[in-house]
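Biologist: Before we discuss this chain, I should like to have the model on display. Please take my questions in turn and show how each answer is reached.

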Amino acid sequence: MEDYGYTDEELEAIRQRKLMELKKKMEEEQARRAQIDAVLRKLLTPEARERLNNIRLVKPELADALEQQIIALAQSGRIPVPVTDEFLKRILSELYEHSRRDTRITFKRK
């Protein structure tokens, strides 16, 4: 195995520094997630929150986009609070319409 010129103490210091950076990132992510959950708890009805959690299981990126949109709309005062399940479905259908791509298959005959 190649040495790379590091002593065992230097390698252990690097390992410990990387571990501390990873722990710090995880703590920051957990704090950010807890803050978002607290805001959503105030904005969504329990049924809407359950729907959002179900979406997160299947499509986490869609759930993140939906959360950001709900928070932005609520902060600007453009949606009624609390957001009901029906209203959440309407936002989902609007997101789907904006992100939907029409697929067409054309056959070219030679």
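Biologist: At what angle do helix α2 (residues 46–58) and helix α3 (residues 60–76) pack?

Modeller: This is a predicted model, in which local features need pLDDT of at least 70 and side-chain atom pairs count only at pLDDT 80 or more, while totals for chains, interfaces and linings use all residues. Residues are numbered from 1 along each chain as its sequence is written, and side-chain values use heavy atoms, with hydrogens and water left out. Helices are DSSP runs (H or I, at least four residues) numbered from the N terminus, and the angle, on a scale from 0 to 180 degrees, lies between the N-to-C directions of lines fitted to C-alpha atoms over the stretch in contact. The axes of α2 and α3 are 6 Å apart, and their angle is about 140°.

Biologist: Which class of orientation do α2 and α3 therefore have to each other?

Modeller: Angles under 35 degrees count as roughly parallel, over 145 as roughly antiparallel, 65 to 115 as roughly perpendicular, and the rest as oblique. The arrangement of α2 and α3 is therefore oblique.

Biologist: Which residues in α3 are met by Leu52, Ile55, Arg56 and Val58 in α2?

Modeller: Contact requires heavy atoms within 4.5 Å. On the α3 side, the residues met by those four of α2 are Pro60, Leu62, Ala63, Asp64, Leu66 and Glu67.

Biologist: Which element gives the most residues to the largest nonpolar core?

Modeller: Such a core is a set of buried Ala, Val, Leu, Ile, Met, Phe, Trp, Tyr and Cys residues joined through side-chain atoms within 4.5 Å, where buried means under 20% relative accessible area with a 1.4 Å probe, protein chains only. The largest has 20 residues, and Leu66, Ile70 and Val83 are among those with the most contacts inside it. Two or more residues come from each of α1 (8–43), α2, α3 and α4 (85–99). The most, six residues, come from α3.

Biologist: Is Thr45 buried or exposed?

Modeller: Thr45 is found in the loop between α1 and α2. Leaving aside neighbours within four places in sequence, Thr45 is in contact with Pro82, Val83, Thr84 and Asp85. With a relative accessible area of 13%, Thr45 is buried.

Biologist: What is the radius of gyration of the chain?

Modeller: The chain has four helices and zero strands. The radius of gyration is taken over C-alpha atoms, and the globule rule is 2.2 Å times the number of residues to the power 0.38. For 110 residues that rule gives 13 Å, and the chain is well over this value, so it is more spread out than a compact globule, with a radius of gyration of 23 Å.

Key
Buried means under 20% relative accessible area, exposed over 50%, partly exposed in between (1.4 Å probe, protein chains only).
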